[in-house]
Amino acid sequence: FSFAKSRTTEALQDQFYQFFDIHFQGDFRVKNWFQSNVLPRIYYPQQGSKFIHCFKILNNISQCVLIQNSFSLPERCRCIISPEGSCYLFGGFLPLIKSFLRNTFVLDEHRSSLVALQLMKQGRADHGLHMHGDKIYVLGGMGFRTNEDGSEHASQVQSLNSCEVYSVQDDKWEAMDSFEHA
């Protein structure tokens with residue numbers, strides 16, 4: 001087979017890197033995000049179920065993790081993947097009990113379970129996430145309107161202008177300055 005000699009692992013890897021450089025630049029920078037000893041992957045929760053989907057980028061393999069926790073994933077929760085390959089899930093909304101969640105989890109893929117971490121300061125859904133170093137920033141989203149005494153007004157949903165930062169190393173949340181507008 002003449003093509004077998006030209007299709008070496010190195011040649012295929014070079015072709016992949018050329019394709020990746022052309023098609024995955026700009027906002028979608030996954031290539032250099034992960035540590036060199038981590039298989040790059042993207043996780044996405046199937047909300048309202050017990051499934052977390054995983055796409056292994058370099059192998060083009062998709063798989064599904066059935067979490068063994070007693071609860072389903074909340075609607076409108078958000079997740080982020082660290083450079084070490086850990087998947088963190090934040091917040092969400094449970095329509096059955098009409099509650100915005102403060103939960104923070106990390107996926108233990110070997111045990112197929114979500115491990116609870118420190119709770120966020122405010123329940124939220126549809127929020128933005130950003131990771132820099134060992135800090136995960138949670139920005140805005142939707143939540144219940146809070147009264148002056150800090151209690152929630154459970155019948156009024158509002159856009160949040162609040163921000164929080166989570167330290168992965170310390171498992172600790174801190175409030176940040178809020179946005180001027182939600």
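How many bridges join strand β5 to strand β8, and in which sense do the two strands run? Three bridges join them, and the strands run antiparallel. Strand β5 covers residues 87-90, and strand β8 covers residues 104-108. F90 stands opposite T104 in β8.

**Model and confidence**

This is a predicted model. The mean pLDDT of the protein chain is 84, and 80% of its residues reach 70 or more. Confidence is lowest in helix α1 (residues 2-6), at a mean of 48. It is highest in strand β9 (residues 113-116), at 97. Where pLDDT is low, the predicted coordinates should not be read in detail.

**Overall make-up**

The protein chain holds two helices and 15 strands. Of its 182 residues, 35% count as buried. The chain exposes about 11,300 Å², and carbon and sulfur atoms supply 51% of that area. Among contacts with a separation of 6 or more, 42% come from residues 24 or more positions apart.

**The four-stranded sheet**

Strands β5 and β8 belong to an open sheet of four strands, in the order β4-β5-β8-β9. Pairing in this sheet is antiparallel. Its edge strands are β4 (78-81) and β9, each pairing on one side only. Neighbouring strands are turned by 30° against each other on average, direction ignored. Strands of a sheet pair through backbone hydrogen bonds, either parallel or antiparallel.

Is β8 enclosed or open to the outside? Five of the five residues of β8 are buried, so the strand is largely enclosed by the rest of the structure. T104, V106 and D108 point one way from β8. F105 and L107 point the other way. Both sets are buried.

On to the partner strand. β8 and β9 pair in the antiparallel sense over four bridges. L107 has L114 in β9 as its bridge partner. The two strands form a hairpin with four residues between them, and S112 takes a positive phi near 55° in this hairpin.

**A second hairpin**

β14 (residues 163-167) and β15 (residues 172-176) also run antiparallel, joined by five bridges. They form a hairpin with four residues between the strands. In the turn, D171 has a positive phi of about 50°. Y166 stands opposite W173 in β15.

The strand pairs described here are set out below.

| Strand pair | Bridges | Cross-strand partners |
|---|---|---|
| β5 and β8 | three bridges | F90 and T104 |
| β8 and β9 | four bridges | L107 and L114 |
| β14 and β15 | five bridges | Y166 and W173 |

**Aromatic pairs**

How many aromatic pairs does a search of the whole structure find? There are five. In one of them, the rings of Y166 and W173 have their centres 5.0 Å apart and their planes at 45°. The pair is tilted, because that angle is neither under 30 degrees, the limit for stacked rings, nor over 60, the limit for edge-to-face ones.

Are Y166 and W173 buried or exposed? Y166 is buried, with a relative accessible area of 1%. W173 counts as buried too, at 4% relative accessibility. Both values fall under the 20% cut-off for burial.

Which residue joins Y166 and W173 in a cluster linked by ring pairs? The residue is F90. F90 is also the residue opposite T104 in β8. Y166 and W173, in turn, face each other across the β14 and β15 pairing.

Note on methods
Residues numbered from 1 in each chain as written. Predicted model: local features only at pLDDT ≥ 70, side-chain atom pairs only at ≥ 80, totals over all residues. Heavy atoms only, no water. Phe/Tyr/Trp six-rings, centres within 6.5 Å; stacked < 30°, edge-to-face > 60°. Buried < 20%, exposed > 50% of the residue type's maximum accessible area, 1.4 Å probe, protein only. pLDDT = per-residue confidence, 0-100. Pairing = 2+ DSSP bridges. Axes fitted to C-alpha atoms, helices over the stretch in contact; angles between N-to-C directions. Contact = heavy atoms within 4.5 Å. Areas by Shrake-Rupley, 256 points an atom, 1.4 Å probe, with all protein chains shown as cover.
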